[in-house]
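Dear colleague,

I am handing over the structure below, so that you can have it open while you read. My notes on what was found in it follow directly after.

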Amino acid sequence: MTDVREDILARLLVIVGTIPNMRSAQRNNVEIPEDLLPAAIVFDGDEETQDASDLSMRPPNRPTLIHMHPEIVIAQQTDEVGSDLTTLRRELLKRVLTDIELNQNIVKTGRYGNGAIRYLGCQTDVGWMRSLYGALRAQFLFKYALRPDDL
Amino acid sequence: MSHDYSALLYDPVYAELGVSATLTAGAMAAVEITVIDDTRSKGHTSSNLETRSVGPGVYVRIPELTAKGIARSAYEGALLTFSGRNWIVRSHEIRGSPNGEDLGEVRLFLKAGA
């Protein structure tokens, strides 16, 4: 059994946990206390195919391409939250985009297959709590082959 | 206005609910004041994520601050210590009073200090 979607999301959680000074790494946790900051939360992404426009006689169990859009939120609370988020973003991008396990074994990018990993962008959000609080929401695109016979 | 809101309202309330605090504004010597702790739970929602913390703050009587030489221009950046924690005043809000805003309260918005 191979579930690439789950493999990607599980690997992302491992990756964000390696970011220096990150106090907690979680998946789909929507409520966290300040004691866990800085925190990185991996949110399972929506995904889509182009199969609605493919109504040929192709057997339904043939491989198809998936575009999955997970979101990773980095949250921090400190007077220097802007600089901290910039640093954490840099470490996040570097780790996700260059991770060997993701690129070679799971998504199979470049010469390893027809998968792809893209950083789509991010949005920031700030507010006052005990100190200045900031969150950075980064979106990624993972293109991978879904092979129903492997599920 | 025949009613003295300081004597009738603020002073009794501060005598009951207030706690001692030390305020240090700029280069001035620290002064002892009475504050009412207004720290509340506070959350921030960003996308799916809600982070929970507190919004620290206090109420202070403006006449007490004025009597101790603390002008409004000195509020921001002042160091405030009470109930075992250190804070820095990051902003303030004048609360007004039927006797005039200078005889009312100010709400000091705080951030964590060293």
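Between chain A and chain B of this predicted model, the buried area comes to about 1,800 Å², and carbon and sulfur atoms account for 54% of that area. Of the area that chain A buries against chain B, 40% is supplied by Trp128(A), Met129(A) and Arg130(A), which is more than any other three residues give. Counted by residues, the contact draws 24 from chain A and 21 from chain B. If the use of an area here is new to you, the size of an interface is often given as the accessible area lost when the parts come together.

The two chains also share a sheet, and it is worth finding on your screen. This open sheet has three strands in the order E2(A)-E4(B)-E3(B), and its pairing is mixed. Strand E2 (31-33) of chain A and strand E3 (40-46) of chain B are its edge strands, since each of them pairs on one side only. On average, neighbouring strands in this sheet are turned by 30 degrees against each other, with direction ignored. Where the chains meet in the sheet, E2(A) and strand E4 (residues 49-55) of chain B run parallel and are joined by three bridges, and Pro33(A) has Arg52(B) as its bridge partner in E4(B). As background, strands of a sheet pair through backbone hydrogen bonds, either parallel or antiparallel.

Turning to chain B, you will find six strands that close into a barrel in the order E1-E2-E5-E8-E7-E6, with antiparallel pairing. Neighbouring strands of this barrel sheet are turned by 45 degrees against each other on average, again with direction ignored. One pair to follow in detail is strand E5 (residues 57-61) with strand E8 (residues 105-112), both of chain B, which pair in the antiparallel sense over five bridges; Arg61(B) has Glu105(B) as its bridge partner in E8(B). Helix H1 (residues 5-17) of chain B lies across E1 (19-24), E2 (31-37), E5, E7 (85-96) and E8 of that chain, and the helix runs at about 85 degrees to E2(B).

Chain A contains three helices and six strands, which follow the pattern α-β-β-β-β-α-α-β-β when read along the sequence. Its C-alpha trace spans about 60 × 30 × 25 Å along the principal axes.

Two places in the backbone of chain A deserve a careful look. Most residues other than glycine have a negative phi, and most peptide bonds are trans. The bond that joins Leu37(A) and Pro38(A), however, is a cis peptide bond with omega at about 0 degrees, and Pro38(A) lies in the loop between E2 and strand E3 (39-48) of chain A. Asn21(A), a residue other than glycine, has a positive phi near 70 degrees; you will find Asn21(A) in the loop between H1 and strand E1 (24-27) of chain A.

Last comes the largest pocket, whose volume is about 250 Å³. It is lined by 16 residues, and those closest to its centre are Val4(A), Ile106(A), Lys108(A), Ala145(A) and Arg147(A). Helix H1 (4-16), helix H3 (100-106) and strand E6 (132-146) of chain A each give at least two residues to this lining. By type, the residues of the lining divide into seven nonpolar, three polar and six charged.

With best wishes

Note on methods. Residues are numbered from 1 along each chain as its sequence is written. Chains are lettered from A and ligands numbered from 1 in the order in which they are written. This is a predicted model: local features need pLDDT of at least 70, side-chain atom pairs count only at pLDDT 80 or more; totals for chains, interfaces and linings use all residues. Side-chain values use heavy atoms; hydrogens and water are left out. Two strands pair if DSSP finds at least two bridges between them. Helices (H or I, at least four residues) and strands (E, at least two) are DSSP runs, numbered from the N terminus. Axes are lines fitted to C-alpha atoms, for helices over the stretch in contact, and angles run from 0 to 180 degrees between N-to-C directions. Contact means heavy atoms within 4.5 Å. On a 1 Å grid over the protein atoms alone, a cavity is a set of points where a 1.4 Å probe fits but cannot get out, and a pocket is an open set with protein on both sides within 12 Å along at least five of seven lines; lining residues have an atom within 4 Å of a point. Grid points are joined across faces, edges and corners, and a volume is the space filled by probe spheres set on the points. Ala, Val, Leu, Ile, Met, Phe, Trp, Tyr, Cys and Pro count as nonpolar, Asp, Glu, Lys and Arg as charged, and the others, Gly among them, as polar. Buried area is the accessible area (1.4 Å probe) that two parts lose on being put together, summed over both.
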